[in-house]
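Here are my notes on this one, jotted down as I went through it. Have the viewer open while you read.

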Amino acid sequence: MKKYILIGVIAFFTSLFINAANAQTVEQLNDKFRQLSDEILPTANVYRTASGAPGHKYWQQQADYVIDVTLDDEKQRIIGSAKIKYYNNSPDSLRYLWIQLDQNRFAHDSGGQKVKFSSSKPKAGFSTLRQKIYEKTYDGGYKISAVTDSGGADLKYVISDTMMRIDLSTPLRPGEKLNFAIDWSYNILDAKIIRARGGKEYFKEDDNYIYEIAQWFPRMASYSDYDGWTNKQFLGNGEFTLEFGDYDVSITVPADHVVSATGVLQNPKDVLTLVQQDRLKKAKTAKTPVMIVTSEEAAVKLDKRAKTTNTWRFKADNVRDFAFASSRKFLWDAQGYYQPENGKTVMAMSFYPEEGNPIWEKYSTQAIIHTLEVYNRYSLVYPYPVAISVNGPVGGMEYPMICFNGPRPTKDEKTGKKTYSQRTKYGLISVIIHEVGHNYFPMIVNSDERQWTWMDEGLNTFLQNLAEEEWEKDYPTRRAEPYQIVNYMKSTKQVPIMTNSESILQFGNNAYGKPAIALRILRESVMGRELFDFAFKEYSRRWKFKRPTPSDFFRTMEDASGVDLDWFWRGWFYTTQHVDVSLDNVRHFNVNTKDPEIEEAFKRIKDKEKGLTPARVADKDLKKRTDRFPELLDFYNENDKFTVTNKQRNDYASLIKGLKDWQVELLKEKSNIYLMDFSNKGGLVMPIFLDVTYEDGSAQEIRLNAEIWRKNARKVTRMLITEKTVKSVMVDPHWETADTNMDNNHFPRRIEKSRFELIKRKKARDMMKEFETKLKSDEDEKKEGKKEEEKDKEPKK
């Protein structure tokens, strides 16, 4: 029996040890300040250093293109032929190459079509159903007609959805180059029906099109040190991972078209009139935008279609992509922007139809220049010779030196008058800032969009907010202030920022809003502007014309600032936790003097504060026995439990004799001591910012670093010593941490004012009255339109 008892005791203590060890492990895993490099970030190597900079053996591939492309305006098709020179700068031999065929996403049997899902509810918007029906008949995707080597011999290739693998007869060794060619064509989709990054827009009034052409040629997939071939299929959200190269592109279009494209126009004498060439030269030094193609010149071309063609030739060096736009409807304005940082002039240019005015001629080119001014200051100096904004069917999309932006005024069908809302105005300015800003991220700082959308969208949105704030006072920014992301942060329908682009929920909040606001909090509330701005510019400088990963960004921001931010990256980028810091209690103390005369008197006061219970109050006049027999009273009736005894006085005297002078002085300290108890209810550790209000009406701000949570991420207590008496304390008084529950940020708790909604019940439907309503004719509609016109012409009082 003793043997079994001993075994049982051993088993019991063993289980206690294991449970304690497991609890310790859980606590270690809950350590929100453990270093990312220990478990998440890739190990530094010769390609990418632990400081976040490119390593001494960093490499990247290069792909140069010579392209001839024809825009068929009659059939709305693209027909192209590209000669590609691919440079293998990697240390690896390549037995095959991967090419991106992004247009294949719109083919009937594409993976992008096969993974689309619908709402479980039996309803859809008009536009949604219209797109579904259009996709049934639209013949999308590339038609590859030839893939050949430099000698014209066929190369073996295999198409896998939106990717094409070209098999090489001999491996392409490190340092070697390969020349090959691809011929292709595809039908241009209607971008007003299918929400895409490029396409056509038809104008029924004058039977013309605007074409915004993107992802229009087979592009080299990237090959990198961290991912090998990036050949993850294009499903629609995860955008593009591309190689830098030089482009020489000849675009053949109807002779009356105006073309805007990535790069610099090489043959203006062949495609522009002498007057237009002269205007373009004057625009370089103009103080305001100069019209290169006027409204009158564009209008003349709308009725008379050219039967001949022109070829516009553009060259662009060291870009990762190429896009263009073409239409006979285009007006064109331009203004040179001199960059004092490098002494170069950038031609800021806008292309738009008459339908875009008056806001396009007023704001577009101005917004381009404003973007360059601000982004140059906070990131890197714009290195390209042109920056272009085009109005067409695409709401907002970016490419090197050119972007497509959709907002335009609304035309009243009855009166023909054009007006625009506040949302349209600021939507246009914002989208131009955003899309032009994408030249910096990812067109120059070439992050991997297929993997990490936030690396360009989040960083760009952060800078966009800075640019908007410098546009005008009280600019209506959408994703700038921490409180603007609160509802998303506390929602259950979300995934971490670091989630792959194709799997993101609430795309705009996840990839744009949350990372942008995270960076704003870093700049304003965690690091401070000086440290943040230096580190951000250092990241931009290090990775200009290179391909960074998230770890390179995280490491550079810490390396250049000297601030440990692993806790911030972990919480904001790798989890879906939110900020909810609760001020649970504020406890008031004074130093215990140890003097019984003082301390017992204090206890007597506290005891009296308890007051009398209802029973004691009711029995207040009740006759007591000792009233009738006073001889029953003794020492304890004359002295309460707080009476000081001689022994206590002697003990106090002995205590004082045993203390040093400074210890005696501390016992006489009169300051108020407050213990403020905080709990982390949201899980995300953040700095604690306090506004302490005192009884005398004064206030004090206290800013505590996030590391206050390093020993216990759930609860923490902070001491405040002051000569004043605290009246109230508020957490995050300036709403700068994205705290999701401000109700528990006050002590004592305060009652928040709000509104009580009254609901008016709808009347029951009167079908008989509806039936007797007069049916409107077309003539009635016209009369109402004329009345509105006449009303508009009346002088305003």
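1. A definition before the hairpin: two strands count as paired if DSSP finds at least two bridges between them. Keep in mind throughout that this is a predicted model. With that settled, S1 and S2 make a hairpin with four residues between them. In the turn, have a look at Gln76, whose phi is positive at about 50°.

2. How many bridges join S1 to S2? There are eleven, linking residues 62-72 of S1 with residues 77-87 of S2 in the antiparallel sense. If you want a register check, Tyr65 has Ile84 in S2 as its bridge partner.

3. S2 has a further partner in S7 (residues 177-187): the two run antiparallel and are joined by eleven bridges. Here the pair to pick out is Ile78, standing opposite Tyr186 in S7. As a reminder, strands of a sheet pair through backbone hydrogen bonds, either parallel or antiparallel.

4. Next, the open sheet of six strands. Its order is S16-S19-S20-S21-S23-S22, and the pairing is mixed. Strand S16 (290-293) and strand S22 (396-399) are the edges, each pairing on one side only. From one strand to the next, the twist averages 20°.

5. Within that sheet, S19 (residues 331-339) and S20 (residues 344-352) pair antiparallel over nine bridges. Leu331 sits opposite Tyr352 in S20, which gives you the register. Helix H8 (residues 422-437) lies across S21 (386-391), S22 and S23 (402-405), and runs at about 150° to S23.

6. Is Ser389, in strand S21, buried or exposed? Ser389 has a relative accessible area of 0%, so it is buried. Leaving aside residues up to four places away in sequence, Ser389 touches Met349, Ser350, Phe351, Trp360, Ser364, Ile368, Cys403, Asn405 and Ile432.

7. Glu449 deserves a stop too. It lies in the loop between H8 and H9, yet Glu449 is buried, at 2% relative accessible area. What does its side chain do there? A polar contact of 2.3 Å joins it to the side chain of Arg320. Beyond four places in sequence, the residues that Glu449 touches include Gly238, Glu239, Phe240, Thr241, Glu398, Pro442, Asp456 and Ser501.

8. Why call helix H14 (residues 566-574) largely enclosed by the rest of the structure? Because eight of its nine residues are buried. Those are Asp566, Trp567, Phe568, Trp569, Arg570, Gly571, Trp572 and Phe573. The cover over them includes helices H9 (454-469), H10 (486-489), H11 (507-526) and H13 (550-561).

9. Last, a helix pair. Two packed helices are described by the angle between their axes and the distance between the axes. For H15 (residues 596-608) and H19 (residues 646-657), the angle is about 125° and the axes are 10 Å apart, which makes H15 oblique to H19. On the H15 side, the contact is made by Pro596, Glu597 and Glu600, and these meet Gln648, Arg649 and Tyr652 of H19. By type, the residues of this contact split into two nonpolar, one polar and three charged.

Definitions and conventions
Residues are numbered from 1 along each chain as its sequence is written. This is a predicted model: local features need pLDDT of at least 70, side-chain atom pairs count only at pLDDT 80 or more; totals for chains, interfaces and linings use all residues. Side-chain values use heavy atoms; hydrogens and water are left out. Axes are lines fitted to C-alpha atoms, for helices over the stretch in contact, and angles run from 0 to 180 degrees between N-to-C directions. Contact means heavy atoms within 4.5 Å. Buried means under 20% relative accessible area, exposed over 50%, partly exposed in between (1.4 Å probe, protein chains only). Angles under 35 degrees count as roughly parallel, over 145 as roughly antiparallel, 65 to 115 as roughly perpendicular and the rest as oblique. Ala, Val, Leu, Ile, Met, Phe, Trp, Tyr, Cys and Pro count as nonpolar, Asp, Glu, Lys and Arg as charged, and the others, Gly among them, as polar. A polar contact is a pair of N or O atoms within 3.5 Å; within protein, one must be able to donate a hydrogen and the other to accept it, and residues adjacent in sequence count only if both atoms are side-chain atoms.
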